[in-house]
Amino acid sequence: MIERSHHDMGGLPAGKVEPGGIDATHDYALWERRVDAMAVLLQGIKPGTKRLVTVDERRRAIEMIPPKAYDEMSYYERWVISLAEALIQRGIVTSEELARKMVEVQTRAGG
Amino acid sequence: MLAAKYKPGEKVKVLKAYPLGHIRTPYYIRGCVGEIERICGAFPNPEELAQMRSGLPPLPLYRVRFRQKEVWPDYRGSDADVLEVEIFEHWLDRA
């Protein structure tokens, strides 16, 4: 039985809380802004846009990330995972399309 | 919307259960007894929305007030300190 999911950390020891720590000063990278914009558009938050995914299915995808990866990923890296999972689940993109695009981008970046 | 089963001031106990899926009821509050502080309205069930279903009909959502001392056995603050958590009706039983 999975009694406690990794993300559900309330009440666990966590050390000192730094008010307004890293999040207050973090300057968002362009890709992070793009991820945020994509989430807003896909969730139909802007008037007149269609809701293609829900915040709840994205949360579920984030909660399914294995604990080690969850801890190592940044906030928006987890968002990317959740958006990709939701788009595949909904049939908006296929795993193959995502795979081919990732290879294309990696090649373009010289990787 | 379904009619709300509980009224402000009523004592409720949070279901002490650990199902799978996307759960909005925090781990630490399950099994605790609190008091309805207010009815927040009714919203589609997030556990259903997370599985790409409608979540309808909307479920009543309550703000439930707990005494800190009852939630955390080693709590050292004032007896008067409380903690409020928003919990959907299907996670609550009458206490």
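The following exchange between a trainee and a mentor asks how descriptions of this predicted model are justified.

Trainee: What makes B:Met52 partly exposed rather than buried or exposed?
Mentor: Buried requires 20 or more other C-beta atoms within 10 Å, and exposed requires 12 or fewer. B:Met52 has 15 C-beta neighbours inside 10 Å, so B:Met52 counts as partly exposed.

Trainee: What is notable about phi of B:Met52, and where does the residue lie?
Mentor: Phi is near 65°, a positive value in a residue other than glycine. B:Met52 belongs to the loop between α1 and β3 of chain B. B:Pro57 lies in the loop between α1 (46-49) and β3 as well, and the peptide bond from B:Leu56 to B:Pro57 is cis, with omega near 0°.

Trainee: How do you know that β1 and β2 of chain B pair?
Mentor: Pairing takes at least two bridges between the strands. Three bridges join β1 (residues 11-14) to β2 (residues 33-43) of chain B, and the two run antiparallel. One position to look at is B:Lys13, whose bridge partner in β2(B) is B:Val33.

Trainee: How many bridges support the pairing of β2(B) with β3(B)?
Mentor: Seven bridges, again against a requirement of at least two. The sense is antiparallel, and β3 covers residues 59-67 of chain B. Here B:Ile39 stands opposite B:Tyr62 in β3(B).

Trainee: Why are β4 and β5 of chain B said to stand at the edges?
Mentor: The five strands form an open sheet in the order β4-β3-β2-β1-β5, with antiparallel pairing. β4 (82-88) and β5 (92-94) each have a single partner strand, so one side of each is left without a neighbour in the sheet. From one strand to the next, the twist averages 45°.

Trainee: What pattern does chain B follow along the sequence?
Mentor: The pattern reads β-β-α-β-α-β-β, which comprises two helices and five strands.

Trainee: How do you know that the radius of gyration of chain B agrees with that of a compact globule?
Mentor: A compact globule with 95 residues would have a radius of gyration near 12 Å; chain B has 14 Å, which agrees. The C-alpha atoms fill a box of roughly 45 × 30 × 20 Å along the principal axes. Of the 95 residues of chain B, 24% count as buried. Among contacts in chain B between residues at least 6 apart in sequence, 59% join residues at least 24 apart.

Trainee: How do you know that the span of α5(A) agrees with the length expected of the helix?
Mentor: The helix holds 15 residues (75-89), and at 1.5 Å a residue it should span 21 Å. The expected span counts one less than the number of residues. The end C-alpha atoms are 21 Å apart, which agrees. Just after α5(A), A:Gly91 takes a positive phi of about 80°.

Trainee: Which residues make up the contact of the two chains, by number?
Mentor: Chain A supplies 14 residues and chain B ten residues. Helix α3 (residues 55-63) of chain A gives the most to the side of chain A that touches chain B, with five residues. That side of chain A divides into two nonpolar, four polar and eight charged residues.

Notes. Residues numbered from 1 in each chain as written. Chains lettered and ligands numbered in written order. Predicted model: local features only at pLDDT ≥ 70, side-chain atom pairs only at ≥ 80, totals over all residues. Helix = DSSP H or I, 4+ residues; strand = E, 2+ residues; numbered from the N terminus. Contact = placed C-beta atoms within 7 Å. Nonpolar A, V, L, I, M, F, W, Y, C, P; charged D, E, K, R; others polar. Rg over C-alpha atoms; globule rule 2.2 N^0.38 Å. Axes fitted to C-alpha atoms, helices over the stretch in contact; angles between N-to-C directions.
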